[in-house]
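Trainee: Could we take a close look at one part of this model together? I'd like to follow a single chain.

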Amino acid sequence: MAQLNNMMRMGKGVRFAVAYHGDGKGIFKRIMRYLLADHKGIFCLACVLIVFSAVASIGIASFLGIFVDRFITPLRGAEAPDYRGFIGALCFLGGIYFVGSLSNFLYNRIMVSVAQGTLKRMRNEMFSHMQRLPLRFFDTNTHGDLMSCYTNDTDVMRQMLSQTIPQIISSTISVIGVFSMMVFYSVGLTLLTLVFVSVMFLVTRKIAKKSGGYFIKQQSALGRENGFIEEMLSGQKVVKVFCHEARAKARFRELNEELRFNASQANSLSNIIGPISNQVGYLQYIAVAFVAALLAMSRSVLALSPYGWANGLGGALSLGAIVSFLNLVRSFNMPIQQVTQQFNSIVQAFAGAERIFAVLDAVPEDEGGTVTLAKAEEHDGVLEERRDGTIWVWKIPGKNGFRYERLRGEIRFYGVTFGYEKEKTVLHDISLYAEPGQKIAFVGSTGAGKTTITNLINRFYDIQSGTITYDGINIRDIRKADLRHSLGTVLQDTHLFTGTILENIRYSRLDATEEECVEAARLAGADPFIRSLPQGYDTVITADGANLSQGQRQLLSIARAMASHCPVLVLDEATSSVDTRTEAIIEQGLDKLMEGRTVFVIAHRLSTVRNAQAIMVLEHGRIIERGNHEQLLEQKGKYYELYTGKFELD
Amino acid sequence: MIKTLIGSVRQYKARAILTPLIMVGESAMEILIPWVMTYLIGVIENAGESGLTSADFAMIARYGGIMFLMACVSLTCGVLGGRFASQASAGFAANLREDMYERIQTYSFANIDRFSASSLITRMTTDVTNVQTAFQMCIRILVRAPILFLFASIMSFVIAPQIAWIFLIGAVILAVVVALLMQKVQPNFRQMFKKYDKLNSVAQENLTGIRVVKAYVLENEEIEKYRQATQAVYDYSVRAEKILVVVTPLAQAVIYATTLVLLAVGGVQIIRNGLQVSDLTGLLSYCTQIFSGIMTVTMVLNFIAMSRPAMERIAEVLREESTIKNPADPVFEVTDGSVDFEGVSFSYSGREDNCVLHDIDLHIRSGETIGVIGGTGSSKSTLVSLIPRLYDVTEGRVKVGGRDVREYDLESLRNAVAMVLQKNVLFSGSIAENLRWGKEDATQEELENAARLACADEFIRQLPGQYDYDLGQGGVNVSGGQKQRLCIARALLKNPKVLILDDSTSAVDMKTDAKIRSALREHAPEVTKIIIAQRVASVQDADRILVLDGGRVTAFGGHEQLLRESEIYRTIYETQNGGNCNGAAE
């Protein structure tokens with residue numbers, strides 16, 4: 001019935017990994033560790049129950065033959081048959097049935113909790129770990145790949161945990177049980193059976209391998225086609241504007257045909273595995289019947305039947321033994337076929353597990369230094385830490401307890417050099433001073449390194465040489481969480497979360513009151529449009545604010561940063577899609593809010609940076625000009641050139 | 001709905017029909033072979049004290065031979081059926097995707113807006129995969145399982161009519177119980193999938209928004225959010241699967257109970273000489289087939305019921321009619337680049353009471369440069385999107401080259417009116433390939449020319465591989481400003497009569513922006529240029545500037561004139577130039 005579950009899930013996850021590279025044993029051990037972490041006792045119980053259930057079904061198969069021979073045939077034609085033995089045997093059989101069904105139900109029930117519990121644990125661990133990873137990790141892994149760890153890879157794990165493991169245990173028991181009984185009846189015939197089993201194994205494996213090859217091709221064709229669909233449909237409007245439909249269709253048809261072909265081949269092959277191994281089973285049956293009959297006729301000892309010895313026939317076969325053996329042959333094939341069918345899912349699960357473990361093994365971001373943020377109250381020039389204090393202070397550990405330093409928002413760069421990759425330096429020897437109450441602007445063409453500077457202040461990345469200080473403290477000495485708490489950031493790509501508008505604004509400071517959030521929205525110029533929405537501040541924004549315009553999303557991100565009440569604000573192209581009149585409103589709000597605080601602004605627009613106390617012009621990772629608007633215009637350098645656009649014309 | 005989908009089976013119809021027919025053959029063999037087996041075993045059992053004689057052996061050989069032949073038939077049917085089923089379903093899915101894609105290509109902007117790109121993507125990928133699986137099950141299993149059941153029942157009655165009725169009772173009980181359980185499990189599964197989607201969306205959001213999370217140090221809160229989501233998935237999964245795991249043991253119990261009754265009743269009959277031993281064992285071997293047939297049918301039906309929403313979503317795409325159609329007798333030639341709006345009103349919903357453009361009258365001469373400026377939400381983009389007929393007007397007319405746009409062949413119109421969209425997109429492939437969207441057979445020289453006009457040539461030359469540089473999916477390998485310049489170059493390659501730039505230089509610095517405008521003025525003087533911008537500097541040297549406010553034209557004229565006459569224009573200008581640096585901006 002897990003089959004149904006699978007059917008229902010099909011198509012949910014699309015890209016499955018089909019091969020793993022590492023050592024299977026290690027992966028398996030690690031999976032088992034997860035499985036046993038919370039469920040050791042109950043999983044062992046499940047194993048016992050699986051054994052019960054398997055033994056019961058073997059018991060039933062063998063008892064059925066005995067039942068007819070011992071309890072029915074002797075009574076046949078009797079005048080007054082004594083039914084007591086017959087009824088007793090029926091009750092005994094009923095008992096085994098009951099135990100079998102019950103243990104079957106119980107272990108399945110247990111495995112649901114075990115599998116789901118293990119998955120929950122794995123997901124939680126993976127997510128918590130991911131949250132601690134440095135940004136570099138996200139730069140080097142695509143979202144699609146990471147997402148498939150959460151979807152496909154955990155899905156195949158679920159299948160392995162809830163089905164494959166119980167299946168393998170149960171099948172192994174059945175195979176061992178049936179096998180030993182077969183040996184008991186006839187070693188010779190058992191050997192013959194094994195020949196067919198190995199043929200079945202070989203054929204199945206060969207086909208599975210071949211179909212596996214097509215499955216890999218199918219997956220990559222599917223990946224390509226889905227990628228194409230995603231890209232082209234997202235850009236469908238551009239396709240229309242450029243009348244590119246016909247050419248898009250042509251390319252689509254190619255990809256579609258490739259997918260169709262591979263899917264068709266892969267499924268054809270996997271569809272025929274069942275019928276083929278079935279027929280091999282029948283052949284095996286026929287062959288065993290023949291050989292058994294021959295052996296019985298010649299009373300040959302070659303049958304090597306322990307049962308025959310026990311019954312005084314030497315090693316020869318009795319007829320009853322043949323019948324029982326033939327019945328056993330049929331129940332022998334079933335578990336073997338089931339195990340072969342699990343091969344594929346084991347490989348998939350291992351591949352999935354391998355990728356999940358790769359995420360779990362990635363090295364997390366360090367916590368940063370030991371200086372923390374605290375609240376304090378000032379008495380006669382002395383700062384005293386208090387939970388309900390009104391002043392933010394840095395709490396600096398020293399030899400003799402703690403020292404307190406007022407949080408002011410003074411940021412300095414001393415000869416900072418940085419590159420995302422070691423050999424490619426993006427910033428060269430940057431020095432700058434931002435005093436509390438100042439507005440510092442960075443301008444320069446794309447790729448000049450403006451965003452990078454802000455990435456360094458909040459320690460998204462670590463500098464290679466030089467120092468950055470915050471209120472005179474090296475930012476390496478500040479705990480990262482506290483450092484980031486002290487900075488309000490509006491990033492270049494505005495990202496909003498699913499939830500109401502109010503929740504999104506509150507995101508920067510969870511204890512902000514509704515009034516504070518509304519006030520922040522008002523200062524950010526977002527209030528009018530929010531109020532025009534049907535549910536106002538309670539309007540739910542769907543994934544990444546798709547129902548808002550780019551400009552509106554920017555306004556919300558600014559409101560979010562303003563609600564944080566941070567002494568330092570970083571605005572990275574925060575108003576690029578906002579019209580200039582609204583921008584002027586934001587600026588007024590900002591001036592009011594940020595009195596005595598530090599603001600970093602990155603922008604293309606003159607109107608955005610014009611009022612800054614200091615404007616840094618960046619080019620190729622160096623500050624080439626600095627000064628205020630008037631001074632820079634007078635210099636008639638790069639800034640003048642950038643903002644008048646008149647320099648190189650004519 | 002089913003009819004709409006089945007239409008896509010087309011060339012795979014024969015296979016789709018043959019599959020179940022062939023499956024009938026396989027099922028018949030699957031039932032007959034065990035029947036022959038009972039005869040074979042009967043020979044051995046009835047050999048008696050004397051042991052097997054050579055006559056017995058001949059019988060065994062005969063039955064073995066029959067079984068072998070049957071196995072061959074069964075194999076052939078099984079292999080062919082498996083092949084056809086897979087070919088038919090893979091083909092069907094391919095046709096569905098193709099039909100959907102072709103349909104979507106005919107969609108107008110309004111159609112696309114209605115569905116949204118992400119929903120169309122899901123429909124073409126996940127939904128089709130679901131339907132493909134359901135289809136294969138339909139033709140392969142849904143026919144096979146009942147037939148197995150039917151044959152097995154018939155055989156049981158042939159072998160031992162006096163006790164075969166026990167099966168039927170068991171079967172009915174099982175069918176009812178499984179159907180009831182499935183009914184119960186369905187809503188649970190739906191709930192579970194919802195929770196599952198929610199779980200994934202939390203993960204997805206955190207991947208894309210990781211910088212925000214880290215910037216506000218909300219890792220722990222997000223982890224808590226995710227934990228709640230995994231807990232919900234756990235709860236609902238366990239709830240759903242708890243019901244599901246009852247099914248197997250329950251079915252087993254029904255089979256066991258039936259077997260017991262069969263043994264009891266059959267045993268008594270054998271003792272009274274009313275039944276052969278081999279008949280009883282034969283009957284027992286059909287037990288599993290009958291019951292697994294019933295279970296499979298209920299489950300497949302259940303699965304099909306679950307994939308019904310997917311089918312509906314696909315059918316919706318296939319049935320959607322484009323809101324913009326080519327006229328019956330289209331005009332192919334756009335004579336010049338003049339653009340006229342005559343009493344145009346427009347509403348996205350088509351209803352007149354919520355128009356976003358009101359009563360627009362505009363006359364733009366061929367070759368003119370027009371700037372469009374206005375606040376967020378003043379419908380600037382909407383206005384220009386009417387020119388290449390991306391949307392149809394609600395009232396009035398839009399004319400290009402003196403003719404109503406609705407008279408033109410759509411492709412000719414859109415080739416003459418090149419538009420660089422605000423939310424512009426590049427596609428994976430090289431720069432040259434992307435630029436050639438504008439002109440399929442453009443020479444390298446033409447590409448470079450267009451790139452030079454759009455100030456893109458310079459940075460392209462610095463890229464590895466230059467014009468062959470791979471842009472990556474969605475053009476991720478170049479910066480925003482570079483992307484915009486490539487988009488402009490792409491539009492220029494069309495050699496249009498009207499060029500519309502919808503805020504297309506917002507990420508380009510002022511200097512480059514100015515350079516592009518002067519290049520356009522100089523090298524494409526005959527092209528009508530309509531430029532939407534946020535920056536006054538981008539439009540102030542236009543021949544005329546259109547000031548939009550709340551979907552109405554509030555002023556239309558030259559820079560100096562507007563500074564004098566338009567209050568809105570003046571405020572915008574002043575906020576951007578601070579009043580004190582006129583000198584620098586001049």
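How many Å apart do the C-alpha centres of domain 1 of chain B and domain 2 of chain B lie?

Mentor: Happy to help! This is a predicted model, where local features need pLDDT of at least 70 and side-chain atom pairs count only at pLDDT 80 or more, while totals for chains, interfaces and linings use all residues. Residues are numbered from 1 along each chain as written, and chains are lettered from A and ligands numbered from 1 in written order.

The two centres lie 57 Å apart. Domain 1 of chain B covers 7-319 and domain 2 covers 339-585 (bounds from an automatic or database domain assignment).

Turning to the partner chain, 135 residues of chain B are in contact with 133 residues of chain A (C-beta atoms, placed from the backbone, within 7 Å). The top contributor on the chain B side is helix α8, residues 219-271, with 28 residues (helices are DSSP runs of H or I, at least four residues, numbered from the N terminus). By class, that side has 68 nonpolar, 46 polar and 21 charged residues (Ala, Val, Leu, Ile, Met, Phe, Trp, Tyr, Cys and Pro are nonpolar; Asp, Glu, Lys and Arg charged; the others, including Gly, polar).

Now for a helix pair within chain B. Helix α3 (residues 54-106) packs on helix α5 (residues 117-159) at about 155°, with axes 9 Å apart (lines fitted to C-alpha atoms over the stretch in contact; angles run from 0 to 180 degrees between N-to-C directions). Therefore α3(B) is roughly antiparallel to α5(B) (over 145 degrees). Among the residues making this contact are Phe92(B) and Leu96(B) of α3(B), and Val128(B) and Phe135(B) of α5(B). By class, the contact of α3(B) with α5(B) has 14 nonpolar, five polar and three charged residues.

Methods: Contact = placed C-beta atoms within 7 Å. Helix = DSSP H or I, 4+ residues; strand = E, 2+ residues; numbered from the N terminus. Parallel < 35°, antiparallel > 145°, perpendicular 65-115°, else oblique.
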